[in-house]
Amino acid sequence: MKRLSTILMFVCLLSGMALGQGSKAKAEAPVADKTRVLLILDCSNSMWDKWQSDAKIKITQKVLLKFIDSVANQNNIEVGLRVFGHLNKNAYGTRLEVPFSSDNNYQIQSKIKTLVPQGGCTMSSALESSLNDFPATRASRNIIIIITDGMDDSDGSICNVARRVQMSGVIVQTFILGIGNPEDFHHRLDCAGKFEYIPLEERYTQALYDIFELSGEEANVVLNLKDEEGRLYETETPVAFYDAQTKVVKYTTMYSIDERYTPDTLMVDPLVAYDITVFTRPETHILNYKFKPNTTNTLNLTIEQGNLRVRHEDRRTLLAFPSYPILVRQHGRKELVNTQQMGETAHYLSGDYDVEVLCNPVLKMENIHIESASNTDLTIPMPGLANIQKPKAITTGCLFALQDGKLIWVCNLNPNKINERITLMPGEYQLVIKPQNASRYKESIVKRFLVKAGETTNISF
């Protein structure tokens, strides 16, 4: 018991999330001044069944009374008690019996002593109702411990309810302690939180202390991004830590190294398993990663990337040309990796890419290989200018590119302009216009013309 008391004296629960002294950016996370633990206790009829030395409810009462005594004097901990299945015989009900406060240990113990199992099991509704039990403040770390024999919770909604609870952002972690026989846990409970089956009475007490011990710890994380030669990656890069269960972002920061080439140190909550996203192009993912508490966790990632630039060919011209947007995708995939501009150099993981230049007409270059630690320089032709002089009467029309005998739509003409200037890639084009008063197909006018790089082509009707 001395060892357990010593452990609990150091439970100070949720230090602030911050980077080390050399940090250039801070992770976004509230600082918690206390931890609130909600005990959700199963008090259904099946808790009268014998388990080990006595009825499940009797063993639970003995374990919890001793446990509440141990944590009663912790300044940074508040405990609340919600019970389900105890209100009426065969009724499916739940109630917050003892709300959170700093000196409620006597109330909790008194309520635990008088509990009489008699109803059905409604773990789902108890868990959903628990969100309203926590005070509306961000300055606390909220944990739920569910104690159940798992026998009668057959409505199948626990997974959906648990996800809504986690998505709320109110709860850091939900723990579920299952007592009784293993065959009574035939349905899933691990989806609702961190589930542990308790095979023996001796483990029951220790499991509660283990949760409290872990909840008072934090994990230091050093993220090392290195190139293929083992050198630290010097470019500042966004990094996000998501809750692996709910897929909700927990922390965001900028990876960086200081002037001594030392990576930042980030402190994270070891209660949560993380999906980590490093915002390279495309993104780099690490899934379901657990950090060990009270130690420095070093996470090494090798980032093999090269550079891509798209530019116009070198040619003198008096024409001013727009900076086209450039879409970059991994080869053969539809998802967009990045949008960059003409002449801009962007970093990409080594691999094969499809590049799309949004000029007129769109220029596509497929299966472009980007080598690690090298520059890939793509050159496109200088565009030309089509100066279209239309009849004075209002006309409608379309501009097409001719490629391998096929018409590729480029744009519609503006019927309110007599003169239009359109920047186009070099090639053959076809104009189709219809005068304002024309009513027959044969009155449409078709005209083909060539556009040369860096030159102006005049088209008149």
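Which hand, left or right, does the crossing of helix 2 and helix 6 have? I opened the notebook with this point, keeping in mind that the model is predicted, and I found the crossing of helix 2 and helix 6 to be right-handed. I then looked up the geometry: the axes of helix 2, residues 56-71, and helix 6, residues 201-215, come within 10 Å and cross at roughly 35°.

Next I listed who makes this contact. From helix 2 I noted Ile-59, Thr-60, Lys-62, Val-63, Leu-64, Lys-66, Phe-67, Ser-70 and Val-71, and from helix 6 I noted Glu-201, Tyr-204, Thr-205, Leu-208, Tyr-209 and Phe-212. Sorted by kind, the residues of the contact are nine nonpolar, three polar and three charged.

**The sheet**

I turned to the sheet, which is open and built from six strands in the order 5-4-1-6-7-8, with mixed pairing. Strand 5 (94-98) and strand 8 (194-197) stand at its edges, and because each has a single partner strand, one side of each is left without a neighbour in the sheet. From one strand to the next I recorded a twist that averages 20°.

At the strand 5 edge, I saw that strand 4, residues 77-84, pairs with strand 5 in the antiparallel sense over four bridges, and that Val-83 has Arg-95 of strand 5 as its bridge partner. Helix 6 comes back into the picture here, since I found that it packs on the sheet, touching strand 1 (35-42), strand 4, strand 6 (141-148), strand 7 and strand 8, with its direction at about 170° to that of strand 6.

**Thr-174**

Within strand 7, residues 173-178, I picked out Thr-174. Is Thr-174 buried or exposed? I noted a relative accessible area of 1%, so Thr-174 is buried. Leaving aside neighbours within four places in sequence, Thr-174 is in contact with Ile-144, Ile-146, Gln-166, Ala-192, Gly-193 and Lys-194. With one of these, Gln-166, the side chain of Thr-174 makes a side-chain polar contact of 3.4 Å. I also looked up Val-37, which is 137 residues from Thr-174 in sequence and 9.8 Å from it in space, C-alpha to C-alpha.

**Asn-224**

My last entry concerns Asn-224, which I located in strand 9, residues 219-226. Its relative accessibility is 11%, and Asn-224 therefore counts as buried. Which side chain is joined to that of Asn-224 by a polar contact of 3.0 Å? I found that the partner is Asn-300. Not counting residues up to four places away in sequence, Asn-224 touches Leu-232, Tyr-255, Pro-263, Thr-298, Leu-299, Asn-300 and Leu-301.

Key:
Residues numbered from 1 in each chain as written. Predicted model: local features only at pLDDT ≥ 70, side-chain atom pairs only at ≥ 80, totals over all residues. Heavy atoms only, no water. Axes fitted to C-alpha atoms, helices over the stretch in contact; angles between N-to-C directions. Helix = DSSP H or I, 4+ residues; strand = E, 2+ residues; numbered from the N terminus. Left-handed = near helix turned anticlockwise from the far one by under 90°. Contact = heavy atoms within 4.5 Å. Nonpolar A, V, L, I, M, F, W, Y, C, P; charged D, E, K, R; others polar. Buried < 20%, exposed > 50% of the residue type's maximum accessible area, 1.4 Å probe, protein only. Polar contact = N/O pair within 3.5 Å; in protein donor to acceptor, adjacent residues only side chain to side chain. Pairing = 2+ DSSP bridges.
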